[in-house]
Amino acid sequence: MSDGIPCLWMRGGTSKGAVFLASDLPADTAARDSLLLRIMGSPDPAQIDGIGGADPLTSKVAVLWPASRADADVDYLFLQVFVDQALVSDAQGCGNILAAVGPAAIERGLVAVAGPETPVRIHMVNTGEVATATIQTPGGRVSYTGSARIDGVPGTHAAVPLLFDSLAGSMCGALLPTGHAVDTIDGIACTLIDNGMPCVVMAAADLGLTGAEDRATLDADVALKARLERIRLQAGPLMNLGDVTDKSVPKMTLVSAVSGATISTRSFIPHRCHATIGVFAAVTVATACTLPGSPAAQLATLPDGDVFRIAHPTGAAEVILRRDPDGHVRQAGTLRTARKLFDGLVFPGPA
């Protein structure tokens with residue numbers, strides 16, 4: 001390791017992360033996690049001795065290897081490297097970093113260019129699902145230049161459309177693991193739901209909030225965060241996730257009505273307020289908006305078509321939900337962008 005480890009540093013959606021080939025990391029999980037903590041500089045709130053950005057959104061890792069199944073082109077394992085804890089979690093996927101996987105797989109030679117556009121079927125190892133990303137590859141190489149714009153990222157870039165099938169119950173075994181659109185925990189009406197990301201969806205007003213509070217205000221509200229954690233710890237077993245004390249799921253999501261979007265969100269991941277909202281969390285919240293009687297449905301303004309705008313502290317994420325005649329969500333998609341930031345060797349700190 002003293003000679004450095006090949007590392008591709010990528011922005012995916014509204015997150016940043018290090019992309020590694022599995023062959024460049026230890027096969028043993030404990031050794032791998034120890035190495036990633038040293039690479040990111042954790043545990044340290046500033047991550048000063050590593051490449052992490054002192055925020056959960058910039059302390060992420062994607063590990064890639066050749067596909068292990070016939071319906072995919074590449075395998076992708078997402079790892080959340082905690083900032084101030086010596087913890088690396090594979091308990092969830094990440095739809096933002098997913099946007100960087102297709103370009104990275106091509107950059108690393110795992111997937112061959114197929115023409116001006118290259119579809120990349122990505123096996124998301126964390127959940128067992130397959131997503132298809134369409135990557136712009138004019139002239140036989142990845143292009144990051146384009147006119148697509150997403151909230152939370154300055155400028156415009158090449159579009160990375162993502163399409164998902166069969167997300168329901170990806171981690172919890174069912175879209176509604178308790179069988180109910182509404183459960184009451186700690187006196188709060190909650191929807192315990194998993195359409196790609198386990199979330200606990202609650203009305204902000206039920207917690208004494210408007211839902212328009214900024215990220216800093218919510219992060220400073222110690223009493224709110226303590227109550228959300230009490231609810232989260234009770235929700236974990238109900239969602240078939242077991243003891244979630246040391247897990248990054250479920251995500252705690254506060255919703256409120258908003259003009260110009262389907263619904264407004266403040267998402268905790270799980271102990272800090274998200275600057276935006278994760279892709280799978282946005283899909284899951286959009287799905288919650290379609291469930292009659294749920295807190296989200298009572299506050300949402302449903303679109304006429306398939307595009308749901310999920311507002312967050314810095315803009316809105318667009319989610320595509322395709323529903324059957326009975327209103328059940330059958331397919332979900334979203335539009336992200338990605339960009340290669342650097343490609344080189346990373347040098348971990350001492351063990």
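**Exercise 1. Locate alanine 131 and describe its surroundings.**

Step 1: Alanine 131 sits in strand S7, which covers residues 129-136; strands (E, at least two residues) and helices (H or I, at least four) are DSSP runs numbered from the N terminus. This is a predicted model, in which local features need pLDDT of at least 70 and side-chain atom pairs count only at pLDDT 80 or more, while totals for chains, interfaces and linings use all residues. Residues are numbered from 1 along each chain as its sequence is written, and side-chain values use heavy atoms, with hydrogens and water left out.

Step 2: Check the exposure. Alanine 131 has a relative accessible area of 0%, so it is buried; buried means under 20%, exposed over 50%, and partly exposed in between (1.4 Å probe, protein chains only).

Step 3: List the contacts (heavy atoms within 4.5 Å). Neighbours within four places in sequence aside, alanine 131 is in contact with Leu98, Val120, Arg121, Ile122, Met124, Leu163 and Phe164. For arginine 121, which is 10 residues away along the chain, the C-alpha separation from alanine 131 is 5.8 Å.

**Exercise 2. Describe the protein as a whole: its elements, dimensions and surface.**

Step 1: Count the elements. There are 6 helices and 16 strands in the protein.

Step 2: Test the radius of gyration. A compact globule of 351 residues would have a value near 20 Å, and the protein agrees because it has 19 Å. The radius is taken over C-alpha atoms, and the globule rule is 2.2 Å times the number of residues to the power 0.38. The C-alpha trace spans about 55 × 45 × 35 Å along the principal axes.

Step 3: Look at burial and surface. Of the 351 residues, 55% are buried. The accessible surface is about 13500 Å², and carbon and sulfur atoms hold 53% of that; areas come from the Shrake-Rupley method with a 1.4 Å probe, and for residues only the protein chains shown count as cover.

Step 4: Consider contact range. Taking contacts between residues at least 6 apart in sequence, 63% join residues at least 24 apart.

Step 5: Finish with the charges. The 26 positive and 34 negative charges have mean positions 4 Å apart. Lys and Arg count as positive and Asp and Glu as negative, without His and the chain ends; the charge is placed at NZ of Lys, CZ of Arg, CG of Asp or CD of Glu.

**Exercise 3. Which residues have the most contacts inside the largest nonpolar core?**

Step 1: Set the rule. A nonpolar core is a set of buried Ala, Val, Leu, Ile, Met, Phe, Trp, Tyr and Cys residues joined through side-chain atoms within 4.5 Å.

Step 2: Name the residues. The largest core has 84 residues, and Leu64, Tyr76 and Met202 have the most contacts inside it. Apart from this core lies another, of 18 residues, including Leu37, Val61, Leu79 and Val346.

Step 3: Follow methionine 202. Beyond its neighbours within four places in sequence, its contacts include Ile188, Leu207, Ile231, Met252, Thr253 and Pro295.

Step 4: Move on to two of these partners. Isoleucine 231 belongs to helix H4 (residues 222-238) and, at 0% relative accessibility, is buried. Among the residues it touches, leaving out those up to four places away, are Ile185, Asp186, Val200 and Met252. Threonine 253 lies in strand S12 and is likewise buried at 0%; its contacts, outside four places in sequence, include Cys199, Val201, Arg266 and Val285.

Step 5: Add helix H5 (279-288), where 10 of 10 residues are buried, among them Val279, Phe280 and Val285.

**Exercise 4. Examine the backbone at proline 43, proline 250, glutamine 47 and aspartate 186.**

Step 1: Recall the background. Most residues other than glycine have a negative phi, and most peptide bonds are trans.

Step 2: Take the prolines. Serine 42 and proline 43 are joined by a cis peptide bond with omega about 0 degrees, and proline 43 is in the loop between helix H1 (29-40) and strand S3 (60-66). Valine 249 and proline 250 also share a cis bond, with omega about -5 degrees; proline 250 is in the loop between H4 and strand S12 (251-256).

Step 3: Take the positive phi values. Glutamine 47, in the loop between H1 and S3, has phi of about 45 degrees and is buried at 1% relative accessible area. Aspartate 186, in the loop between strand S9 (183-185) and strand S10 (188-194), has phi of about 55 degrees and is partly exposed at 31%.
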